Amino acid sequence: MAEEGRQPSMTWLFFSPSGRIGRLPFLFSWLFWFAVGSIFLMQVLKNEAEETALALWTLPLIVSGVLSTVSIAMLAIKRLHDIGYPGPFALCLFIPVLSPIVFIALCLWPGADGANEYGSRRNAPQQ
């Protein structure tokens with residue numbers, strides 16, 4: 001029997017602050033954005049000598065950078081919710097000295113078992 005309520009989707013995973021996610025989806029989502037940014041950066045560097053191609057690849061690089069920044073903030077908020085902390089702590093990811101420490105902590109720190117104030121189950125929007 002299917003569970004009632006909101007179902008997870010890619011839009012929810014990448015661009016919504018509601019609910020909770022586990023360590024593995026958090027890590028794989030980061031790796032996805034890293035790969036997307038790397039592909040566009042590689043194309044920009046490869047086409048440095050050609051102005052038209054450089055301009056065409058720079059726009060997707062900038063757009064992916066903005067989208068990934070927003071998405072990473074939403075992912076961190078959901079990961080913090082899984083641990084039991086409020087979302088504003090996600091701002092620590094944008095402090096250069098703290099960023100690697102916070103990222104490693106979010107990847108390794110186990111989430112709360114069972115329901116908490118941010119959702120009844122992991123890897124799902126808040127009901």
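Buried, in this tour, means under 20% relative accessible area, exposed means over 50%, and partly exposed is anything in between (1.4 Å probe, protein chains only). What you have open is a predicted model, where local features need pLDDT of at least 70, side-chain atom pairs count only at pLDDT 80 or more, and totals for chains, interfaces and linings use all residues. Residues are numbered from 1 along each chain as its sequence is written, and side-chain values use heavy atoms, with hydrogens and water left out.

**Stop 1: the whole chain**

Start in cartoon view. You should find four helices and zero strands, running α-α-α-α from the N terminus. Helices here are DSSP runs of H or I with at least four residues, strands are E runs of at least two, and both are numbered from the N terminus. Along its principal axes, the C-alpha trace spans about 55 × 40 × 20 Å.

Of the 127 residues, 35% are buried. Switch on a surface and you are looking at about 7800 Å² of exposed area, 72% of it supplied by carbon and sulfur atoms; the areas come from the Shrake-Rupley method with a 1.4 Å probe, and for residues only the protein chains shown count as cover.

Next, colour by charge. There are 8 positive and 8 negative side chains, and the centres of the two sets lie 8 Å apart. Lys and Arg count as positive, Asp and Glu as negative, while His and the chain ends are not counted. Each charge is placed at NZ of Lys, CZ of Arg, CG of Asp or CD of Glu.

Contact means heavy atoms within 4.5 Å. Among contacts between residues at least 6 apart in sequence, 68% join residues at least 24 apart.

**Stop 2: Ile21**

Select Ile21, in the loop between helix 1 (10-15) and helix 2. Is Ile21 buried or exposed? Ile21 counts as buried, because its relative accessibility is 1%. Show its neighbours, leaving out residues up to four places away in sequence: Ile21 touches Trp12, Leu13, Phe26, Leu75, Lys78, Arg79, Asp82, Arg122 and Asn123. Then draw a distance to Pro125: that residue is 104 residues away along the chain, yet the two C-alpha atoms are separated by 8.8 Å.

**Stop 3: Asn123**

Hop to one of those neighbours, Asn123, in the segment after helix 4. With a relative accessible area of 32%, Asn123 is partly exposed. Check its backbone: phi is positive, about 60°, although Asn123 is not a glycine. For context, most residues other than glycine have a negative phi.

**Stop 4: helix 4**

Now pick out helix 4 (99-108). Which residues of helix 4 are buried? They are Ser99, Val102, Leu106 and Cys107. These sit on the same side of helix 4, because they cover an arc of only 135° around the axis, the arc being that of the directions from the helix axis to the C-beta atoms. As background, an α-helix has 3.6 residues a turn, so residues three or four places apart point the same way.

Rotate to the face turned away from the buried side, and you meet the exposed residues Ile101 and Leu108. To see what covers the buried residues, show helix 2 (23-46) and helix 3 (51-83), which are included in that cover.

**Stop 5: the cysteines**

Select Cys92 and Cys107. How many disulfides does the structure hold? Zero, with a disulfide taken as a pair of cysteine sulfur atoms within 2.5 Å. The closest cysteine sulfur to that of Cys92 is in Cys107, 15 Å away, so it is too far for a bond. Cys92 is partly exposed because its relative accessibility is 22%, whereas Cys107 counts as buried at 16%.

**Stop 6: Gly84, Ser38 and Asp113**

Go to Gly84, in the loop between helix 3 and helix 4. Gly84 is partly exposed at 35% relative accessibility. Leaving out residues up to four places away in sequence, Gly84 touches Asn116 and Tyr118. Its C-alpha is 6.6 Å from that of Ala112, 28 residues apart along the chain.

In helix 2, select Ser38, partly exposed at 32% relative accessibility. Measuring C-alpha to C-alpha, Ser38 and Leu61 are 8.9 Å apart in space and 23 residues apart in sequence.

Finish at Asp113, in the segment after helix 4. Asp113 counts as exposed, because its relative accessibility is 73%. Its C-alpha and that of Ser18 are separated by 18 Å, with the two positions 95 residues apart along the chain.
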